[in-house]
Every structure is written in structure tokens, then in C-alpha cells.
Amino acid sequence: MTKIGLLSDTHSYLDESVFKYFADCDEIWHAGDFGDAAIADQLEAFKPLRGVYGNIDGKDLRLRFPEDLRFTCEEVEVFITHIGGYPGKYAPRIKAGLLADPPKLFITGHSHILKVVFDPKIRCLHLNPGAAGKHGWHKVRTLMRFEINKDKIENLEVIELKGR
């Protein structure tokens, strides 16, 4: 079993409570818009980090992280991208590939809107952890934690961070 801490849209702000909430996680996944390489450095020093760059990320982060990341965790194929849309409204850039070869878990950021949606057409779970940073129009900052146990995604938790 692999325990995952998931966040996105930190926009150069990393709440210290992230380290408490992700203490028991095996890996941290960031769905883009780090905002500053120092955020990636802090997360990477804490736990193994996988991530993608977002639309606000500069050249340093774009050289360090891919735009799209596809990999297998345990027996679950995962696809992470920053701007990917959601079931019924996938982003044009990734739609054809996503539908032709769907992963079991599709993770996006960008919207600052927390989403957990299963797409029955492609049998894929879509997660957007919302925004963990303070920049943007969201009213609540959020993170997610979950476990991948062989081919199952289990024990998904949404964490609301205090303050804005």
C-alpha cells in the first residue's frame, strides 16, 4: 500500500500544516502551479515528490517537472497534468489521448475547485485537490490524502486548511 498526499496551486505559499497532514504519506504529488521552486524543494526534502508544472510556473520549474506525468503506482495507472478539465469537459490538448488510453486515476489542478468525479465512460477516477495556496478566488484551501492498495484507490480524505 502507498499513501499519497496530493496538493495543487500552492502559488508560492506552503502552509506548514502540510507537513503534519502528510507525515504518514509515502509520496507527495503536486498538480502544478508551485509558484516558486522553493516550494518544490521543501516538499522534496520532506518526502519523495512527483509533480507537473502549471501555467504560472517559470522556466526553472518547467525544466524540472513535465507538463504531463504518466506512471504506475502499485497497479494503478496515474495521469497528472495541471490543465486537464474534468469528465465531460476534458481540455482539448489531452482529450483524445485520455479517451484513447485512459488511466485509472486522472489528476488535475488549475481550477482551484476541489473535485472527486468518476467518469464511467472511461472507468477513470478524476481528482482535483483544489488550491492549497492563498492566491486565487477560492474561499477554502484544500489538500487530499488517499491510499493506493494494489489496484484500488482507497481511504480518500479531503483536508481543509485554516485561514485564507
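In the predicted model, W29, F71 and F146 are joined into a cluster by ring pairs. One member of this cluster, W29, belongs to strand β2, where its side is shared with E27 and both residues are buried. Another member, F71, also takes part in a contact with a charged group: R50 lies over the face of the F71 ring, at 4.0 Å from the ring centre. A further contact of this kind involves K20, whose charged end sits over the ring of Y21 at 4.5 Å from the ring centre.

Over the whole structure, the search returned 6 aromatic pairs. Among them is the pair of F34 and F65, which is classed as stacked because the ring centres are 4.7 Å apart and the planes meet at 20°, where stacking requires an angle under 30 degrees. The two residues are 31 positions apart in the chain, and the pair thus links distant parts of it. F34 is located in the loop between β2 (27-30) and α2 (37-46), while F65 is located in the loop between α3 (59-64) and β4 (68-73). F34 has a relative accessible area of 0% and is therefore buried. F65 has a relative accessibility of 7%, so it also counts as buried, the limit being under 20%.

A second arrangement is found for Y90 and F106, which form an edge-to-face pair with a centre-to-centre separation of 5.8 Å and an angle of 70° between the planes. This pair likewise links distant parts of the chain, with the two positions 16 residues apart in numbering: Y90 is in strand β7 (residues 89-90) and F106 is in strand β8 (residues 105-107). Both Y90 and F106 are buried.

Two open sheets were examined. In one, 5 strands follow the order β3-β2-β1-β11-β12, with mixed pairing. The edges of this sheet are formed by β3 (49-51) and β12 (152-161), each of which pairs on one side only. On average, neighbouring strands in the sheet are turned by 20° against each other, direction ignored.

Within this sheet, strand β1 (residues 2-7) pairs with β2 in the parallel sense, through 4 bridges. Across this pairing, I4 stands opposite E27 of β2. The chain then passes from β2 through α2 to β3 in a β-α-β crossover that is right-handed. Strands β2 and β3 run parallel and are joined by 3 bridges. H30 has G51 of β3 as its bridge partner. Both faces of β2 are covered, since E27 and W29 on one side are buried, as are I28 and H30 on the other.

The other sheet is also open and consists of 5 strands, in the order β4-β5-β8-β10-β9, again with mixed pairing. Strands β4 and β9 (114-119) occupy the edges; each has a single partner strand, so one side of each is left without a neighbour in the sheet. The average turn between neighbouring strands of this sheet is 15°, direction ignored. Strand β8, which carries F106 of the edge-to-face pair, pairs with strand β10 (residues 124-129) in the parallel sense over 3 bridges. In this pairing L105 stands opposite L125 of β10.

The structure contains 0 disulfides. For C73, the closest cysteine sulfur is that of C25, at 11 Å, which is too far for a bond, given that a disulfide requires sulfur atoms within 2.5 Å. C73 has a relative accessible area of 3% and is therefore buried. For C124, the closest cysteine sulfur is that of C73, and the separation of 15 Å is likewise too far for a bond. C124 counts as buried because its relative accessibility is 1%.

Definitions and conventions. Residues numbered from 1 in each chain as written. Predicted model: local features only at pLDDT ≥ 70, side-chain atom pairs only at ≥ 80, totals over all residues. Heavy atoms only, no water. Phe/Tyr/Trp six-rings, centres within 6.5 Å; stacked < 30°, edge-to-face > 60°. Buried < 20%, exposed > 50% of the residue type's maximum accessible area, 1.4 Å probe, protein only. Lys NZ or Arg CZ within 6 Å of the ring centre and 35° of its normal. Pairing = 2+ DSSP bridges. Axes fitted to C-alpha atoms, helices over the stretch in contact; angles between N-to-C directions. Right-handed = clockwise from strand over helix to strand, strands pointing away.
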